[in-house]
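Open your viewer, switch to a cartoon view and get ready to select residues as we go. Each stop tells you what to pick and what you will find there.

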Amino acid sequence: MKVLVTGGLGFIGSHTVVELQSKGFEVVIIDDLSNSSIDVLDGITEITGIRPHFERLDLKVKKGVKEFFNKHSDISGVIHFAASKAVGESVNNPLMYYENNINTLVYVLQELSGLEHQNFIFSSSCTVYGQSDELPITENAPVKPAESPYGNTKQIGEEIIRDTCKVNDKLKSIALRYFNPIGAHPSTKIGELPIGVPQNLVPYITQTAIGLREELSVFGGDYSTPDGTCIRDYIHVVDLAKAHVIALQRLLDNKNESNSEVFNLGTGKGSSVLDAIKSFEEVSGKKLNYKIVGRRAGDITAAYADTNKANSVLGWKTELTLDDAMSSSWKWEQKIRNK
Ligand SMILES: NC(=O)c1ccc[n+]([C@@H]2O[C@H](COP(=O)([O-])OP(=O)(O)OC[C@H]3O[C@@H](n4cnc5c(N)ncnc54)[C@H](O)[C@@H]3O)[C@@H](O)[C@H]2O)c1
């Protein structure tokens, strides 16, 4: 079966392509390389022995999207990762985020609506919950006003899909709300490639450990958590990738209970920033240079997933640990710096 993976050369997309290929799916990747490198295609090929079909295409260009779907009308499903994802950048340049994250989604859905098989998986985020009143967070927790234009594009994206499903009963969709994806493939052939100063904790940790950054700032040591630092649910990208294959298979097998489903993807375990640093220090044997500084605007105190629905309804659960993720991220960092 042929599956389209948009943003398939990015961090989560590339790991998902590997898992799809290992289950026998034929993969077509669309990426405009705005936040990824063409070398990722080689990494995927080295892992799986199969070079996926790749089209360099900007999904904001409606004509190009139309032409692509005309050529590939035999697609069985779409996994839509393509989006811009830097929260800070979205605050400074909201229109760029609305243009990229919303237009691409609309154009893909418009073209998908003309196909025989209309199975659609969407990359959403736990940011839709904001600081949830309940912990762990279930899928029924209310969606809170978005903290950033980026977060808003995920909320609006889910609404666009729901509204479209209401009028198109051929369209079947699953929105996957990721918690905090980290780690790299155990082969060290693909991983996260942050461009510029990393926005996320783990690449910042590994870049500090390798000497690219002088010191890691831990934002806030006075939160109402056991050690005073923020708590997140760090999920290994390989576990996350596998969930996409299971979600797609659910739609292909018509096992979905409604045509717009939502699942949390996390481990269910909250880890503090200091827990993450400790895990890194243990697996790498390196002492990390870090300092606790003032809080950062927009950071919530704690977020971790209730995974019951993903475990029992989707039939997926995480297998890898925080230490596994830290260890693979550290190996990946050493590899890319040596290169
Ligand atoms: N990484 C996270 O922490 C996280 C958390 C929650 C949700 N998400 C979502 O998951 C998805 C994938 O995230 P990621 O971490 O792999 O990001 P990424 O930036 O590594 O991957 C996104 C890919 O999409 C491509 N892309 C962007 N705009 C495009 C366009 N107009 N046309 C074609 N390709 C385009 C980029 O070049 C990149 O390769 C995104 O939708 C992101 O918002 C990520």
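**Stop 1: the largest cavity**

What kinds of residues make up the lining of the largest cavity? There are 6 nonpolar, 4 polar and 3 charged ones. Keep in mind as you look that this is a predicted model. To find the spot, select Glu-192, Pro-203, Thr-206, Trp-332 and Glu-333, which are the closest to the centre of the cavity among the 13 residues that line it. The volume enclosed here is about 100 Å³.

Now colour two helices: H7, residues 201–209, and H11, residues 322–338. Each of them supplies at least two residues of this lining. H11 gives the most, with 5 residues.

**Stop 2: Thr-188**

Next, select Thr-188 in the loop between strand S7 (180–182) and helix H7. Show its contacts, leaving aside neighbours within four places in sequence, and you will meet Lys-331, Trp-332 and Lys-335. You have seen Trp-332 already, as one of the residues closest to the centre of the largest cavity.

Is Thr-188 buried or exposed? Its relative accessible area is 14%, so Thr-188 counts as buried. Take a look at its backbone too: phi is positive, about 60°, although Thr-188 is not a glycine. Most residues other than glycine have a negative phi.

**Stop 3: the second cavity**

How many cavities of 30 Å³ or more does a search of the whole structure find? The answer is 2. To see the second largest, select His-80, Ala-82, Ala-83, Asn-101, Phe-122, Thr-153 and Lys-154, which line it. Its volume is about 30 Å³. By type, this lining has 3 nonpolar residues, 3 polar ones and 1 charged one.

**Stop 4: the largest nonpolar core**

Now for the nonpolar side chains. The largest nonpolar core has 38 residues, and those touching the most other members are Leu-9, Leu-20, Ile-29, Ile-44, Ile-121, Leu-176 and Leu-265. Show these as spheres. Several elements give two or more residues to this core, including strand S1 (2–6), helix H1 (11–22), strand S2 (26–31) and helix H8 (237–252). Which one gives the most? That is H8, with 9 residues.

Zoom in on Leu-20. Not counting residues up to four places away in sequence, Leu-20 touches Val-3, Val-5, Phe-25, Val-27, Ile-79, Val-245 and Leu-248. Apart from this core lies another one, of 24 residues; to locate it, select Leu-59, Tyr-107, Leu-115 and Cys-165, which are among its members.

**Stop 5: helix H2**

Select helix H2, residues 39–48, which also gives two or more residues to the largest core. Its buried residues are Val-40, Leu-41, Gly-43, Ile-44 and Thr-45. What do they pack against? Colour H1, S2 and strand S3 (53–56) to see the partners. Just after H2 comes Gly-49, with a positive phi near 80°.

**Stop 6: two buried residues in strands**

Go to His-236 in strand S10, residues 234–236. With 5% relative accessibility, His-236 counts as buried. Not counting residues up to four places away in sequence, His-236 touches Ile-182, Ala-184, Leu-320, Asp-324, Ala-325 and Ser-328. Its side chain also reaches the backbone nitrogen of Val-238 at 3.1 Å.

Then pick Glu-261 in strand S11. At 6% relative accessibility, Glu-261 counts as buried. Its contacts, leaving aside neighbours within four places in sequence, are Ser-173, Ile-174, Ala-175, Arg-250 and Asn-256.

**Stop 7: two backbone details**

Select Asn-254 in the loop between H8 and S11. Phi of Asn-254 is near 55°, a positive value in a residue other than glycine. Is Asn-254 buried or exposed? Its relative accessible area is 54%, so Asn-254 counts as exposed.

Finally, select Leu-135 and Pro-136, which are joined by a cis peptide bond with omega about -5°. Pro-136 sits in the loop between strand S5 (119–125) and helix H6 (149–167). Most peptide bonds are trans.

How values were computed: Residues are numbered from 1 along each chain as its sequence is written. This is a predicted model: local features need pLDDT of at least 70, side-chain atom pairs count only at pLDDT 80 or more; totals for chains, interfaces and linings use all residues. Side-chain values use heavy atoms; hydrogens and water are left out. A nonpolar core is a set of buried Ala, Val, Leu, Ile, Met, Phe, Trp, Tyr and Cys residues joined through side-chain atoms within 4.5 Å. Buried means under 20% relative accessible area, exposed over 50%, partly exposed in between (1.4 Å probe, protein chains only). Helices (H or I, at least four residues) and strands (E, at least two) are DSSP runs, numbered from the N terminus. Contact means heavy atoms within 4.5 Å. A polar contact is a pair of N or O atoms within 3.5 Å; within protein, one must be able to donate a hydrogen and the other to accept it, and residues adjacent in sequence count only if both atoms are side-chain atoms. On a 1 Å grid over the protein atoms alone, a cavity is a set of points where a 1.4 Å probe fits but cannot get out, and a pocket is an open set with protein on both sides within 12 Å along at least five of seven lines; lining residues have an atom within 4 Å of a point. Grid points are joined across faces, edges and corners, and a volume is the space filled by probe spheres set on the points. Ala, Val, Leu, Ile, Met, Phe, Trp, Tyr, Cys and Pro count as nonpolar, Asp, Glu, Lys and Arg as charged, and the others, Gly among them, as polar.
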